[in-house]
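Please open the structure in your viewer and keep the selection panel at hand. The tour below proceeds one selection at a time.

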Amino acid sequence: MVDAEPLVRVRGAAKAFGGVQALRDASLELFAGEVHALLGENGAGKSTLLKVLAGVHRTDSGEVTIGGGPFEQGSTRRSREQGVAVIYQEPSLFPDLSLAENVFIGRQPVTGRGAVDWARMRRAAAVLFGQLGVDLDPDRPARGLSIADQQIVEIAKALSTDARVIVMDEPTAALSASESERLLDVARRLRDGGAAVVFVSHRLDEVFALCDRLTVMRDGATVHTCPVAGTDAGEVVRWMVGRELTDLFPKTETTPGDVVLRVRGLTTDGVFDDVSFDVRAGEIVAFAGLVGSGRSEVVRAVFGIDRYDSGSVEVLGSPLPPADPRAALARGVALVPEDRRQQGLFMPASIARNTAVVVLSRLARRGVVRERAERELAAHWAQRLQLRHGGLDQPVERLSGGNQQKVVLAKWLATDPRLLVVDEPTRGIDVGTKAEVHRLLSEQAGQGLAVLMVSSELPEVLGMADRVLVMREGRLMATLDRAEATQERVMLAATGQASVAGEGSAA
Amino acid sequence: MSRVLSWDRSVFVLLVVTVAVGAVIDPDFAGGSNLGFVLQDIGEIMLIALPMTFLIMTGEIDLSVASTAALAGCVLGWAWQASGSMAVAVLAAVGTGVVCGAVNGFLVTRLGLGSLAVTIGTLGLYRGLCYALLGDTTVADFPAGWTNLGFSSIPGTPLPYVTPLLVVLAVAFGVVLHLTRTGRWVFAVGQSVEAARFAGIPVARLKFRLFVVTGAVAGLAGIVYDLRFASARPDGALGFELAVIASVLFGGVSIFGGVGTMWGVVSAVLFLGSVRSLLQLQGVPGNALTIITGGLLLASVVIPVVAQRWSAFRERRSRVLAAATP
């Protein structure tokens with residue numbers, strides 16, 4: 001099934017942005033009819049390499065060929081014409097156009113008289129969706145489509161342009177388990193249709209379930225390429241980080257103390273209903289469930305970002321006023337939000353400014369923020385969290401995802417909270433940083449911090465939590481102790497279907 | 001960050017060059033009396049530009065400032081005639097500015113309306129109230145002791161009485177923007193409203209207060225304007241919002257918020273004043289001078305785009321050259 005000649009060959013690619021060497025010696029060979037995993041920690045150069053193929057960046061040196069001839073770089077349009085299509089994590093469709101129009105945008109089929117041939121366009125879109133094995137109505141508008149379905153529309157678009165190389169950049173990061181499973185099926189169909197599929201994911205179980213070969217990058221260079229069969233997760237992680245990762249979930253055993261957070265009957269009509277739970281000092285409580293089950297909405301309401309209709313929130317025995325994040329902060333509640341780029345950080349601002357923004361009044365003397373105190377605070381946390389940076393004045397937009405997440409954590413830990421709420425603390429960050437975040441949370445809980453964690457990654461939930469709260473469609477379905485929480489039980493409660501329970505088991 | 005720094009530094013250099021060139025081509029230009037004239041000419045613009053910088057930094061805007069200033073000016077005249085006390089009149093005028101700003105702030109932050117639309121509306125509304133209050137008449141009987149403040153100089157200097165007010169307020173606004181928590185909040189809100197909410201920054205309250213301060217300072221500018229012309233007129237300060245916003249943007253504040261410096265804005269206002277003065281000395285008619293403000297406004301929007309394209313072009317060219325010479 002795999003040809004002898006690679007469809008795409010990248011050899012010795014290098015690319016620098018200013019002083020930062022994003023690629024040093026990147027190589028990649030893609031064959032028609034394979035799914036190829038591209039792996040590496042954040043900042044390893046995967047995205048830069050993919051953007052070269054997408055036509056966003058050009059390499060400074062090195063060779064890129066497609067179909068045996070030179071690959072014309074630096075134009076997204078030319079990339080598409082050469083058969084490369086990129087499916088981004090969060091596609092941008094035209095919300096008010098139909099799915100069929102989105103698929104054929106800019107290349108609508110026309111009738112003999114030059115008008116758009118709507119019927120043909122609809123039929124063609126339906127055929128594409130059929131090929132992908134999904135049930136989508138070509139006539140419905142894109143507005144309100146789930147991210148998973150939006151990705152499918154993008155893939156259909158790629159197919160309609162006869163793309164030979166389909167790049168998926170962390171497509172499953174924002175998807176639920178069943179949506180991910182469907183996407184993996186679609187990727188297999190693309191492979192069987194003869195395309196070369198590049199698959200980027202931080203979820204190694206997916207890589208082992210889906211991919212034929214893998215390429216591991218580290219520090220801008222390719223360090224290993226091999227068939228997926230014959231290797232294992234431990235070995236791949238070692239290639240990625242260049243060291244042994246012994247303890248992925250370093251759980252510190254603690255005895256829970258007083259109740260820090262008490263939530264009773266919290267309800268927002270149509271979003272979540274009658275949610276009650278406690279979080280004690282020194283305890284890590286995890287919210288599990290599918291994406292869209294209402295977990296983030298509950299923690300947002302607790303912190304006061306959103307209003308709730310009824311119910312009560314108490315912190316350390318006294319009620320917390322609703323819809324008032326400042327009151328929550330004053331009472332020692334911190335929320336590390338789900339979307340670090342939009343909600344967690346001021347992207348153009350420096351590391352120091354971002355770290356200090358919540359505790360400015362503590363750093364001020366007679367109203368003037370002492371820049372030295374600000375830098376000392378940032379330096380302290382940068383060191384505590386082993387932040388990799390090029391100076392505390394560096395804008396956070398130039399940090400890798402994992403390091404950005406460390407800045408968000410630093411910013412909230414600097415408030416010296418009693419209750420730390422973390423929403424998807426390790427989404428889209430690399431294995432090494434993930435372990436560091438887990439260690440940090442464990443350590444903080446060990447020192448008496450109450451931690452409430454929303455996570456869609458089951459291994460993380462099971463590895464970290466003292467108790468697991470499972471939500472489904474806005475309701476709390478189960479509360480499981482550490483001892484009784486298993487993958488099957490959590491999935492069962494999260495989906496409400498016995499049949500799904502065993503499905504999530506990793507390779 | 002570095003591009004921002006070079007922007008406001010460039011404006012300062014431009015100001016220095018303009019003054020130097022002006023001194024060469026017209027000896028009158030660099031004279032002390034002309035410096036006084038320039039400060040008087042741009043006094044109200046500079047006053048209003050200070051709080052406007054804050055507003056635009058947070059991603060909002062207030063187009064009603066000139067109408068607010070005019071309304072405050074009219075209230076000054078009306079209250080002076082009604083009460084016979086300038087102290088009462090001044091308080092009433094500043095209070096008018098506060099109310100105007102509060103109305104804008106309420107509509108934007110409580111009702112969640114866009115500040116562009118809201119303040120275009122109040123631009124018309126406040127101007128209309130001027131005519132409702134004074135009709136087509138002007139109030140021109142302010143006490144001489146007060147109007148002297150408007151157009152004479154501080155004894156022994158060429159500087160108008162408005163100078164210390166400008167210096168004190170410019171320093172104060174600069175300190176607040178660059179050194180205090182409020183200033184940090186302004187940058188933060190401009191960079192991401194959502195992240196600001198998650199960081200516990202009281203976004204709505206901050207913006208409301210900025211609108212109120214902008215109204216108050218516009219009211220103050222209305223008083224300065226009345227005293228300068230020794231009269232209160234319903235068509236006072238007409239079109240000043242354009243000059244204010246042109247100065248703020250030319251001073252390097254991003255129209256999208258989150259980027260800017262106070263000294264860049266102050267340099268831009270002084271630059272605007274210098275160019276206007278230079279052209280006036282060359283006999284260009286006053287009414288044609290809005291060409292300058294319009295030009296500055298366009299330049300502040302166009303130059304960053306051109307600069308970006310140019311640097312992209314140079315990068316590409318240097319890469320091609322590097323590839324050609326192995």
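Which residues point one way from strand 3 of chain A, and which point the other way? This is a predicted model, and the question can be followed by displaying the side chains of that strand. A:Glu34, A:His36 and A:Leu38 point one way from strand 3 of chain A, while A:Val35, A:Ala37 and A:Leu39 point the other way. All of these residues are buried.

**First stop: the strand itself.** Select residues 34-39 of chain A, which form strand 3. Strand 3 is mostly covered, as six of its six residues are buried.

**Second stop: the paired strands.** Add residues 196-200 of chain A, which make up strand 8. Strand 8 and strand 3 of chain A pair in the parallel sense, with five bridges. Next, add residues 213-218 of chain A, which are strand 9. Strand 9 also runs parallel to strand 3 of chain A, and four bridges join these two strands.

Now select A:Ala37 and look towards each of these strands in turn. In strand 8 of chain A, the residue opposite A:Ala37 is A:Phe199. In strand 9 of chain A, A:Leu214 stands opposite A:Ala37.

**Third stop: where the chains meet.** Display chains A and B together. Here 23 residues of chain A are in contact with 17 residues of chain B. On chain B, select helix 8 (181-191) and helix 9 (193-198), each of which supplies at least two residues of the side that touches chain A. Helix 8 of chain B gives the most to this side, namely five residues. Finally, colour the side of chain B that touches chain A by class: eight residues are nonpolar, five are polar and four are charged.

Terms used: Residues numbered from 1 in each chain as written. Chains lettered and ligands numbered in written order. Predicted model: local features only at pLDDT ≥ 70, side-chain atom pairs only at ≥ 80, totals over all residues. Buried ≥ 20, exposed ≤ 12 C-beta atoms within 10 Å, placed from the backbone. Pairing = 2+ DSSP bridges. Contact = placed C-beta atoms within 7 Å. Nonpolar A, V, L, I, M, F, W, Y, C, P; charged D, E, K, R; others polar.
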